[in-house]
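Work through the exercises below with the structure open beside you. Try each task before reading its solution.

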Number of protein chains: 2
Amino acid sequence: MQRIAASIQGKIERGIYPPGSLLPSVPELQAAEGIAYQTAREVYGVLQAQGLVFSRRGKGTYVSLLLGKILRDGTGRYLPSARSEGGAVGAFDAEIRRLGLIYQPLPTVIARERPPKRVAALLELHHATKALKRERVMPVGLAEDTEVTEVIQLATSWFPPDVADACPQLEQQNTGAGGSKSRLADAGYAQVRLREEIEVRPASPEEANALGIPTDQAVLEITHQGLTEDGRIVEVGLHVMPRTKWRLSYEWKIGA
Amino acid sequence: MQRIAASIQGKIERGIYPPGSLLPSVPELQAAEGIAYQTAREVYGVLQAQGLVFSRRGKGTYVSLLLGKILRDGTGRYLPSARSEGGAVGAFDAEIRRLGLIYQPLPTVIARERPPKRVAALLELHHATKALKRERVMPVGLAEDTEVTEVIQLATSWFPPDVADACPQLEQQNTGAGGSKSRLADAGYAQVRLREEIEVRPASPEEANALGIPTDQAVLEITHQGLTEDGRIVEVGLHVMPRTKWRLSYEWKIGA
DNA sequence: GAGTGGTCTAGACCACAGA
DNA sequence: CTGTGGTCTAGACCACTCG
């Protein structure tokens with residue numbers, strides 16, 4: 001079983017099965033290897049757990065578009081220098097292109113609604129207070145074929161109502177140069193400290209569906225918090241991503 | 001299936017099945033719920049993926065000793081103030097005790113050997129050069145019953161040979177007040193910057209065995225790098241842990 | 001309707017722990 | 001030797017996609 005998985009892995013890595021291509025169906029694999037149906041599925045299961053492959057019900061099993069991992073530089077991406085060059089979004093886009101893929105942005109969903117309890121607590125909102133939500137689904141595709149895509153991140157940002165009221169551009173699709181952090185700074189809510197909490201947890205059914213991963217696979221979640229000079233959290237970002245597609249990095253001066 | 005798993009999860013959370021207790025065997029669960037053997041095993045499989053339960057071949061399936069997650073404060077744990085109070089180890093120990101568990105340290109394995117390629121590259125060593133390795137297996141147990149334990153982390157630190165030669169205490173079990181980072185500072189290799197890279201990857205068979213997790217479950221790996229004033233990496237730590245047991249946190253001043 | 005992945009049943013054999 | 005988890009086979013049904 002592991003043997004068969006390793007053999008397919010080799011073919012993927014040597015380019016015999018290129019990214020985005022369709023793999024043999026489960027019954028085909030079963031017949032070819034002389035194994036049971038369950039076992040054949042499990043072969044694809046371990047490849048899926050490694051992020052080499054993804055399955056679509058009714059269609060088939062495909063080689064993943066992104067065989068490596070995207071590096072997310074936590075401390076570097078928010079430097080003023082990086083921000084002026086497009087910042088986090090720009091860095092993300094560049095990294096994706098380097099891997100031969102293109103980011104196919106979908107419109108940001110903007111709404112005012114009750115945030116999840118954890119977010120409400122961080123923003124110090126009463127439990128029924130509505131906050132501003134900006135939600136992005138981030139798919140990438142092959143440059144030559146935009147048919148098959150893979151969702152690489154679900155990013156939701158929350159802003160307290162008073163902050164949102166002071167920053168009308170936050171309710172627009174495009175938040176302008178420097179992004180939402182710059183708009184907050186313009187309105188007197190400049191962020192001076194950032195905190196990120198990282199967790200690996202089971203995906204909710206909705207998340208598994210949106211990311212196109214099996215329901216039992218875990219996701220990587222970053223809870224990003226932006227603090228102003230007086231210590232108030234004025235932005236909470238939830239980044240949910242497939243655990244197979246990312247590498248995170250943080251760097252800091254000791255004792256700072 | 002999900003229904004049965006949720007029901008057992010409820011019993012665990014309500015304390016009907018307390019931490020460390022033995023759950024019904026797979027055949028028992030199968031009979032009790034009128035399901036197939038595979039399905040019963042899968043029930044425990046999803047609970048295991050959530051970190052609520054662990055299985056030992058030949059013995060049975062147990063409720064996990066640690067139902068919550070340990071918070072690892074990446075940036076705070078290396079502050080000089082924290083270090084003088086026992087630092088990272090002290091913080092770890094305190095957090096564990098707060099969860100009603102005790103850290104049952106095993107002796108550190110100390111040796112000089114060839115580090116893995118990735119580590120050698122970070123330390124800028126030729127591929128056959130031996131480095132100093134300090135390896136710890138970190139199990140925790142219930143205070144009242146030290147029979148059943150759960151391994152919570154595998155921590156391996158690597159030091160280049162010249163640095164190790166300058167710090168003889170690094171080859172002792174006990175590295176003294178402030179730990180290895182203080183000994184390095186004493187010898188003129190004070191670390192001024194830290195970098196940590198985080199990845200979720202499949203466990204190697206040895207790791208799965210040491211951590212007592214299923215071979216197909218992913219682990220969380222932190223690559224910790226300590227840099228001196230002149231930018232040299234004088235310590236690389238690899239922390240491998242079950243993805244279900246930890247939460248990570250980083251905090252920094254923007255633009256620093 | 002035919003082909004795909006996803007879930008389940010039923011039953012077998014193996015590896016390991018412990019009395 | 002018995003009971004445990006772990007892996008596999010064989011076959012069924014369901015949900016979904018697409019022609």
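Helices and strands here are DSSP runs, numbered from the N terminus; a helix has at least four residues and a strand at least two. The model is predicted.

**Exercise 1. Describe the surface near DNA strand C.**

Solution.
- Step 1: count the residues. DNA strand C is surrounded by 22 of them.
- Step 2: pick out the closest. These are Val26(A), Met1(B), Ala36(B), Thr39(B) and Gly58(B).
- Step 3: assign elements. Chain A supplies at least two residues from each of helix 2 (26–33), helix 3 and strand 2 (60–63). Helix 3 of chain B also supplies at least two.
- Step 4: sort by class. The surface near DNA strand C has 10 polar, 8 nonpolar and 4 charged residues.

**Exercise 2. Do the same for DNA strand D, and find the element with the largest share of the surface.**

Solution.
- Step 1: count again. There are 23 residues around DNA strand D. Met1(A), Ala36(A), Thr39(A), Gly58(A) and Gly58(B) come nearest.
- Step 2: assign elements. Two or more residues come from helix 3 (37–49) of chain A. In chain B, helix 2 (26–33), helix 3 (37–49) and strand 2 (60–63) each give two or more.
- Step 3: find the largest share. Helix 3 of chain A holds it, with 4 residues.
- Step 4: sort by class. The surface near DNA strand D has 8 nonpolar, 10 polar and 5 charged residues.

**Exercise 3. Summarise the fold of chain A in numbers.**

Solution.
- Step 1: count elements. Chain A has 9 helices and 11 strands.
- Step 2: take the dimensions. Along the principal axes, its C-alpha atoms fill a box of roughly 65 × 40 × 40 Å.
- Step 3: check burial. Of the 256 residues in chain A, 33% are buried.
- Step 4: check contact range. Take the contacts in chain A with a separation of 6 or more. Residues 24 or more positions apart account for 60% of them.

**Exercise 4. Work out how chain A meets chain B.**

Solution.
- Step 1: count both sides. In chain A, 33 residues are in contact with 33 residues of chain B.
- Step 2: list the elements of chain A. Helix 3, strand 8 (191–202), strand 9 (218–228) and strand 11 (246–253) each give two or more residues to the side that touches chain B. Strand 8 has the largest share, 11 residues.
- Step 3: sort the chain A side by class. It divides into 17 nonpolar, 6 polar and 10 charged residues.
- Step 4: look for strand pairing. Strand 8 of chain A pairs with strand 11 (residues 246–253) of chain B. The sense is antiparallel, over 7 bridges. Arg195(A) stands opposite Glu251(B) in strand 11 of chain B.

**Exercise 5. Find the operation that lays chain A on chain B.**

Solution.
- Step 1: recall the general case. Two copies of a chain are related by a rotation about an axis and a shift along it.
- Step 2: read off the values. The turn is 180° and the shift along the axis is 0.0 Å, with an RMSD of 0.0 Å.
- Step 3: conclude. The two copies are thus related as by a two-fold rotation axis.
- Step 4: compare the interface residues. 100% of those of chain A are also interface residues in chain B, so the copies meet through the same surface.

**Exercise 6. Which residues of helix 8 of chain B are buried, and what do they pack against?**

Solution.
- Step 1: name them. Lys181(B), Arg183(B) and Leu184(B) are buried.
- Step 2: look down the axis of helix 8 of chain B. The buried residues fall within an arc of 160°, so they line one face of the helix.
- Step 3: find the partners. These buried residues pack against helix 7 (161–166), strand 8 (191–202), strand 9 (218–228) and strand 10 (233–242) of chain B.
- Step 4: test Gly179(B), which lies in helix 8 (residues 179–186). Burial needs 20 or more C-beta neighbours within 10 Å. Gly179(B) has 17, so it counts as partly exposed.
- Step 5: look past the helix. Gly188(B) follows helix 8 of chain B and has a positive phi, near 90°.

**Exercise 7. Is Glu124(A) buried or exposed?**

Solution.
- Step 1: locate it. Glu124(A) is in the loop between helix 6 (117–123) and strand 6 (131–142) of chain A.
- Step 2: count neighbours. Glu124(A) has 10 other C-beta atoms within 10 Å, so it is exposed.
- Step 3: check the backbone. Most residues other than glycine have a negative phi. Phi of Glu124(A) is positive, near 55°.

Key: Residues numbered from 1 in each chain as written. Chains lettered and ligands numbered in written order. Predicted model: local features only at pLDDT ≥ 70, side-chain atom pairs only at ≥ 80, totals over all residues. Near = placed C-beta within 6 Å. Nonpolar A, V, L, I, M, F, W, Y, C, P; charged D, E, K, R; others polar. Buried ≥ 20, exposed ≤ 12 C-beta atoms within 10 Å, placed from the backbone. Contact = placed C-beta atoms within 7 Å. Pairing = 2+ DSSP bridges. Arc of directions from axis to C-beta. Least-squares fit on C-alpha atoms with pLDDT ≥ 70 in both.
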